[in-house]
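Reader: I would like a close look at a single part of this structure, the meeting of its domains, together with the sheets and helices around that part. Please give it as one connected account.

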Amino acid sequence: MKFRAKIVDGACLNHFTRVSNMIAKLAKTCTLRISPDKLNFILSDKVANGGVSMWCELEQENFFSEFQMEGVSAQNNEIYLELTSENLSRALKTAQNARSLKIKLTNKHFPCLTVSIELLSLSSSNRIVTHDIPVKVIPRKLWKDLQEPTVPEADVSIYLPALKTMKSVVEKMKNISNHLTKILNLQIIEANLNGELNLKIETELVCITTHFKDLGNPPLASENTSQDGNSEQMAEVQIDIRKLLQFLAGQQVNPTKATCNIVSNKIVHFDLLHEDASLQYFIPALS
């Protein structure tokens, strides 16, 4: 197995750093999948057991000026590495205003991602900062558990409001619920095919709802007639508010498009698209 890549464009380096910071906020550990044309950051907790799942995809040609890899075999030309997300994020923090960034799979008594950062210097000599990030090579037999999640057919898909606004609302709702009930972490998300999204918390004493209107629905969702033609009928899911806040707090990169897909009483799937990266994030319903 071999892997080495280089970034020289400042905008690409900054974007890659922001993506890494986002991953660190969403997952303590993750899997990095390296293939000839893509990088994926993967979190694959079992949704059936209440865990979240994440699939972040980067087109390598949009970030790297050089990219070389050889997988475990010609037939399975991929590499799967488990790493602590914060280690990569911390290493990239030293890359602000760097001249270039190199990443290489190395073996220094244990497998590492070696990150070498060439810093700008006032003198003629270059200054190189190197970080060795320990990784665990995931064997081929475990790859089947790390594939792109199957996206269930949603009852309702809707465009999201500005994520900063949504985060502020959810934070305030969690603070209110902490004062009202000992069952702290229940958040209801409901939406319809009329562009309406509601965020709710309910207790025995009170129900608090924030309404978003005129958000719009993706074209395929708008054509969906599975709800007996009633575009105002709500699909809802009850989730852990902490998991929703973790997702919203992790958004370091402003998406060009963000959608929320609800499978009633089962799961909510967030789909964020950028010009050169995408993120899918799945939060299961509370049982």
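Author: The domain bounds used here come from an automatic or database domain assignment, and the model to which they are applied is a predicted one. On that assignment the protein chain is divided into domain 1, which covers residues 2–145, and domain 2, which covers residues 156–284. The centres of the two domains, taken over C-alpha atoms, are separated by 30 Å, and 20 residues of domain 1 are in contact with 19 residues of domain 2.

The size of an interface is often given as the accessible area lost when the parts come together. For domain 1 and domain 2 this buried area comes to about 1700 Å², with 61% of it on carbon and sulfur atoms. On the side of domain 1, the residues that lose the most area to domain 2 are Met22, Leu26 and Val52, which together account for 31% of what that side buries. As for polar pairings, the rule finds zero salt bridges across the interface of domain 1 and domain 2, whereas six residue pairs, both residues at pLDDT 80 or more, are in polar contact between the two domains. Helix H1 (10–26) and strand E4 (53–59) each supply at least two residues of the side of domain 1 that touches domain 2.

Strand E4 also has a place in an open sheet of nine strands, whose order is E10-E6-E2-E3-E4-E18-E17-E16-E11 and whose pairing is antiparallel. Because strand E10 (136–137) and strand E11 (156–159) stand at the edges, each with a single partner strand, one side of each is left without a neighbour in the sheet. Of these two edge strands, E10 falls within the bounds of domain 1 and E11 within the bounds of domain 2.

Beginning from the E10 edge, two bridges join E6 to E10, the two strands running antiparallel, and here Leu81 stands opposite Val137 in E10. E6 is also joined to E2, by six bridges and again in the antiparallel sense, with Leu83 in E6 as the bridge partner of Cys30. Helix H2 (residues 85–92) lies across strand E2 (29–34), strand E3 (38–44) and strand E6 (79–84), and its direction is at about 80° to that of E6. Within this helix, Arg90 and Glu86 form a salt bridge whose closest N and O atoms are 3.0 Å apart; being four residues apart in H2, Arg90 and Glu86 are separated by about one helical turn. A search of the whole structure finds nine salt bridges.

At the E11 edge, E11 pairs with strand E16 (residues 257–263) in the antiparallel sense over four bridges, and the bridge partner of Tyr159 in E16 is Thr259. Helix H5 (residues 241–249) packs on the sheet, where it touches strand E17 (267–273) and strand E18 (277–284), and its direction makes about 170° with that of E18. H5 also lies across E12 and E15, running at about 90° to E15.

E12 and E15 belong to an open sheet of four strands, with the order E14-E13-E12-E15 and antiparallel pairing. Strand E14 (207–212) and strand E15 (235–240) stand at its edges with a single partner strand each, so one side of each is left without a neighbour in the sheet. Neighbouring strands of this sheet are turned against each other by 20° on average, direction ignored. Six bridges join strand E12 (residues 186–191) to E15 in the antiparallel sense, and among the paired residues are Leu186 and its bridge partner in E15, Asp240.

Notes. Residues numbered from 1 in each chain as written. Predicted model: local features only at pLDDT ≥ 70, side-chain atom pairs only at ≥ 80, totals over all residues. Heavy atoms only, no water. Pairing = 2+ DSSP bridges. Contact = heavy atoms within 4.5 Å. Axes fitted to C-alpha atoms, helices over the stretch in contact; angles between N-to-C directions. Buried area = accessible area lost by both parts, 1.4 Å probe. Salt bridge = Lys/Arg side-chain N within 4 Å of Asp/Glu carboxyl O. Polar contact = N/O pair within 3.5 Å; in protein donor to acceptor, adjacent residues only side chain to side chain.
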